Amino acid sequence: MTEEMKETAQAENAKAESAAPKVAKKRWPIVVGVVVAVLVVAGIGGFAWHNTPGFCGTVCHNSMSEHVDNYYSTDASNGAGLASWHGDNEGTTCLDCHKADINTQVAELGSQLSGDTGNLGLSDRYYVDNDTCLSCHGDSYEALAEQTADLDPYNPHDSPHGQLNCNECHKGHSQQVDTCGQCHPNGGQTMRGTN
């Protein structure tokens, strides 16, 4: 090979070598952009799925299948309690009543990891406070009493004993309890979610 051909070949090799890093430099933003887009879409989809009973019973709480079965009325009680009724009639999901605060999630994760899931009972563990119930049912106990004023002969929400906790009578995942009717005649009233 002549000297001139060698120089031409070397020049072409140098051009090719300098072009290769430029191509690689142009590709990394595209790769990063695609990865970020996939993560964002997966995150949005995961968050949407997170608010469904199927997520609660599948991903984090495999020991909660009885809760999910109760929600769908496929358990032995045929959906006793208000979870099934609210799901069927109001479109309510788990997180509408069971707020996913970090402390609860960490405690539940600890129960799952340790295998100590006996504390995940249908009625005892998943207490719902009055504020959660009243956020949909009147905003205050007094307003709820006004809404149910036509209950005869006795309005349980206008109790002479003061404000009871909603969970005393109304159970999310088990049979309702007629607390007032244990001492007072209630004229045959029944509660939603009583099977």
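The paragraphs below lead through the fold of this chain, its largest pocket, and several individual residues.

The model is a predicted one, and the protein chain in it has 8 helices and 0 strands, so that reading along the sequence gives the pattern α-α-α-α-α-α-α-α. Of the 195 residues of the chain, 28% count as buried. Among the contacts with a separation of 6 or more, 53% are accounted for by residues that stand 24 or more positions apart. The surface that the chain exposes comes to about 12900 Å², and carbon and sulfur atoms supply 58% of that area.

Helix H1 spans residues 3–50, and Ile44 has its place there. Ile44 counts as exposed because its relative accessibility is 58%, where the cut-off for that word is over 50%. Ile44 also takes part in a nonpolar surface patch of about 500 Å², which is made together with Trp28, Val32, Val36 and Val40.

From here the path moves to helix H4, which covers residues 82–90. Within H4, the residues Leu82, Ala83, Ser84, His86 and Gly87 are buried, and the buried residues of this helix pack against helix H3, residues 65–71. After H4 comes Gly91, whose phi is positive, near 75°.

Helix H4 also has a part in the largest pocket, which holds about 1300 Å³ of space. A probe the size of a water molecule, rolled over the atoms, shows where empty space is left. The lining of the largest pocket is made up of 48 residues, and those that lie nearest its centre are Leu82, His86, His137, His170 and Gln176. The elements that give two or more residues to this lining are H4, helix H5 (94–97), helix H7 (130–134) and helix H8 (141–147), and H4 gives the most, with 5 residues. Leu82 and His86 therefore appear in two descriptions, since they are buried residues of H4 under the 20% cut-off and are also listed among the residues nearest the centre of the pocket.

The loop between H3 and H4 deserves a residue-by-residue look. Ser73 lies in this loop, and its phi is near 60°, a positive value in a residue other than glycine. As background, most residues other than glycine have a negative phi. Thr74 is found in the loop between H3 and H4 as well, and it counts as exposed because its relative accessibility is 56%. The C-alpha atom of Thr74 is separated by 9.6 Å from that of Ser84, a residue 10 positions away along the chain, and Ser84 is one of the buried residues of H4. Asn78, also in the loop between H3 and H4, is exposed because its relative accessible area is 52%. Between the C-alpha atoms of Asn78 and Ser174 the separation is 9.9 Å, although these two residues are 96 residues apart along the chain.

The next stretch to follow is the one around helix H8. In the loop between H7 and H8 lies Asp139, which has a positive phi of about 70° although it is not a glycine. Asp139 counts as exposed because its relative accessibility is 66%.

Two residues of H8 itself can be set side by side, and they fall on opposite sides of the burial cut-offs. Leu144 lies in helix H8 and is buried because its relative accessible area is 11%, whereas Glu146, which also has its place in helix H8, is exposed because its relative accessible area is 64%. Not counting residues up to four places away in sequence, Leu144 touches Leu134, His137 and His157; of these, His137 is also one of the residues nearest the centre of the largest pocket. His157 offers a reference point for both H8 residues: the C-alpha atoms of Leu144 and His157, 13 residues apart along the chain, are separated by 6.7 Å, while those of Glu146 and His157, 11 residues apart, are separated by 8.4 Å.

Technical notes:
Residues numbered from 1 in each chain as written. Predicted model: local features only at pLDDT ≥ 70, side-chain atom pairs only at ≥ 80, totals over all residues. Heavy atoms only, no water. Buried < 20%, exposed > 50% of the residue type's maximum accessible area, 1.4 Å probe, protein only. Helix = DSSP H or I, 4+ residues; strand = E, 2+ residues; numbered from the N terminus. Contact = heavy atoms within 4.5 Å. Patch = residues over 30% accessible without salt bridge, like charges linked within 9 Å, V, L, I, M, F, W, Y side chains within 5 Å. Areas by Shrake-Rupley, 256 points an atom, 1.4 Å probe, with all protein chains shown as cover. Salt bridge = Lys/Arg side-chain N within 4 Å of Asp/Glu carboxyl O. 1 Å grid on protein atoms, 1.4 Å probe; cavity = no way out; pocket = protein on both sides within 12 Å on 5 of 7 lines; lining within 4 Å. Points joined across faces, edges and corners; volume = space filled by probe spheres on them.
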